[in-house]
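Got a structure open and wondering where all those labels come from? Let's go through some of them by asking why each one applies.

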Amino acid sequence: MSSSVSLSTTSTRWDARLWGVLLTVSIVIGLDALDVSMVGVALPAIQADLGLSTNALQWVVSGYVLGYGGLLLLGGRTADLLGRRRVFLVAVAIFALASLLGGLVDDGALLIASRFVKGLAAAFTAPAALSIITTTFQEGPARNNAISIFAVFGASGYSAGLVFSGLLTEVGWRWTFLLPAPIALVALVAAWKLIPSYRAEEGRGYDFPGAITGAAGSLLLVFGVVEAPEIGWAAPRTLITFAVALALLVTFVVIEKRSRHPLLRLGILRSGPLARANLGGALFFGAYIGFQFVVMLYLQRVLGWSALQTALGFLPAALIVAFGSPRIEPLIDRVGTPRTIFAGVVAHVIGYALFLRIDEHSGYAGSVLPSMILLGIGFTLAFSSLNIQATAGISDDEQGLAGGLLNTSLQVGGAIGLAVVTAVLTANGGREASPAALLTGLTPALSVVTGIAVLGLLIAISGLVARKQPAEEPVVEQEQDLLALAD
């Protein structure tokens, strides 16, 4: 693909249009993250107003996760084949419309449907946004700096959603759905004016069988993970869902190996840095989502905090990410992504382990705040680095695919991490237990979170071992050499 508008990044100073493109796509990725977290605090009010059962209420959150995590890979490749700008604009428009409808409906089924549509739209905006950045900014310091800023909006959007949800729910739960709509419309107008058009490759075919089997397999996999804690991991429906998902994904791989124009070129998975970024990202995000769930239960159910107080408890981590991520690029350029990812994961492992000290009388400053500070530091170091490593050395016509792979790993990792932690918690006291009994169940759940993070640390260490090369060799050249060997 090629851009019809040239945006130069050879200068150390970016012009107004470059900044406009970067901020526009970053705002949209921030909205995606905001929407994931903002609904959680509003769930009790939604249940009371619409009369939803507990199982149906779960799908207000899970519907979004299903659409987002299940279709990210398809969204990324569609951006490569049909044009990043076109896919981005259509998906942002659908996201804005679904936000508006979600805030106006009075039926639980329609609310869940609107959440699925929003997740579907986000599955196309996220990889398109990342690929717009990676094809607009030259690989190296310029791209690393742009991705660092991009990551600020993603990570801060998630934390900001927790705070906004507490504030907006006080006014009315519908505002948690309505707020993203006008912001998305502003971003849509800015994208229409600023983002250059991209032309799809001439003569490139479309892998419809691969798209159908890949999307169906991914959707069923995420659906099974989301439902398993509620109906049981060994329940017949769960086992059948996973079996069908596995069969579809195996069929997808067979189709991709034989297709002249595959949706997923399997050779891309031979890139060691990309594979480590995806596996490490899944474990990194899975541990964090599980930890956040445990902390919310602890603060509200054990310590008796309000929803707003709980949301503000996460604010220190968000502030560290917002302040640190735009300034992390020089460090990444100097030491390389494997070292910054390793340092970020170490910070998270220590933060999770420290939280194991909690009891019914723990204070915020002594027991909660140290973990929040370490989480903020870890996200600042690792999140931008994972995005950079997952897309470094990948050709422009596969940047959407690389972005889709990474986002799929993050979302599926988060869904699995939350499902496992929920299952452990339920088996050790249950989510409806008294504060004392709940605290007893939180300890093994926190141990699982720490264990997931340790697995991620092993992946990070493997990256350090694989990248032991002469110190004077530039980071970007190392990535390209590895990719050349892989191909």
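## Why is it called that?

Q: What makes up the lining of the largest cavity, by class?
A: This is a predicted model, and in it that lining has 17 nonpolar, six polar and one charged residues.

Q: What makes this space a cavity, and which residues lie nearest its centre?
A: A cavity is a set of points where a 1.4 Å probe fits but cannot get out, so a closed-off space like this one gets the name. The largest cavity has a volume of about 340 Å³ and 24 lining residues, with Ala33, Gly154, Ala155, Phe285 and Phe383 nearest its centre. Helices H1, H6, H11, H13, H16 and H17 each give two or more residues to that lining, and H6 hands over the largest share, six residues.

Q: How many cavities of 30 Å³ or more are there?
A: The count comes to three. The second largest has a volume of about 120 Å³. Its lining has 14 residues, and the closest to the centre are Arg276, Ile341, Leu386, Ile459 and Ala460. H11, H15, H16 and H18 each give two or more residues there. By class, you get nine nonpolar, four polar and one charged.

Q: What makes a space a pocket instead of a cavity?
A: A pocket is an open set of points, whereas the probe cannot get out of a cavity. The second largest pocket holds about 600 Å³ of space. It's lined by 27 residues, and Leu221, Leu405, Thr408, Ser409 and Val412 lie nearest its centre. At least two lining residues come from each of H3, H9, H10, H11 and H17. The lining divides into 18 nonpolar, nine polar and no charged residues.

Q: Why is serine 114 called buried?
A: The cut-off for buried is under 20% relative accessible area. Serine 114 has 7% relative accessibility, so it counts as buried. You'll find serine 114 in helix H5, residues 108–136. Leaving out residues up to four places away in sequence, serine 114 touches Ala98 and Gly102.

Q: What makes a group of residues a nonpolar core?
A: Its members have to be buried residues of the listed nonpolar kinds, joined through side-chain atoms within 4.5 Å. The largest nonpolar core has 54 residues, and the ones touching the most other members are Tyr288, Phe291, Tyr298, Tyr352, Phe355, Phe379 and Leu442. H6, H11, H15, H16, H17 and H18 each supply at least two residues of this core, with the largest share, 16 residues, coming from H11.

Q: Which residues does tyrosine 298 touch, not counting residues up to four places away in sequence?
A: Tyrosine 298 touches Leu303, Phe355, Ile358, Asp359, Ser362, Val368, Leu439 and Leu442. There's also a second, separate core of 49 residues, which includes Val25, Leu34, Ala123 and Ala184.

Q: How do you know which parts to read with care?
A: Check the pLDDT: where it is low, the predicted coordinates should not be read in detail. The mean for the protein chain is 81, and 89% of its residues reach 70 or more. Among the elements, strand S1 has the lowest mean, 38, and H15 the highest, 94. Residues 1–6 stay under 50, and the model gives them 18 contacts beyond four places in sequence. Residues 470–487 are also below 50, with 29 contacts beyond near neighbours in sequence.

Technical notes:
Residues are numbered from 1 along each chain as its sequence is written. This is a predicted model: local features need pLDDT of at least 70, side-chain atom pairs count only at pLDDT 80 or more; totals for chains, interfaces and linings use all residues. Side-chain values use heavy atoms; hydrogens and water are left out. On a 1 Å grid over the protein atoms alone, a cavity is a set of points where a 1.4 Å probe fits but cannot get out, and a pocket is an open set with protein on both sides within 12 Å along at least five of seven lines; lining residues have an atom within 4 Å of a point. Grid points are joined across faces, edges and corners, and a volume is the space filled by probe spheres set on the points. Helices (H or I, at least four residues) and strands (E, at least two) are DSSP runs, numbered from the N terminus. Ala, Val, Leu, Ile, Met, Phe, Trp, Tyr, Cys and Pro count as nonpolar, Asp, Glu, Lys and Arg as charged, and the others, Gly among them, as polar. Buried means under 20% relative accessible area, exposed over 50%, partly exposed in between (1.4 Å probe, protein chains only). Contact means heavy atoms within 4.5 Å. pLDDT is the predictor's confidence in each residue, from 0 to 100.
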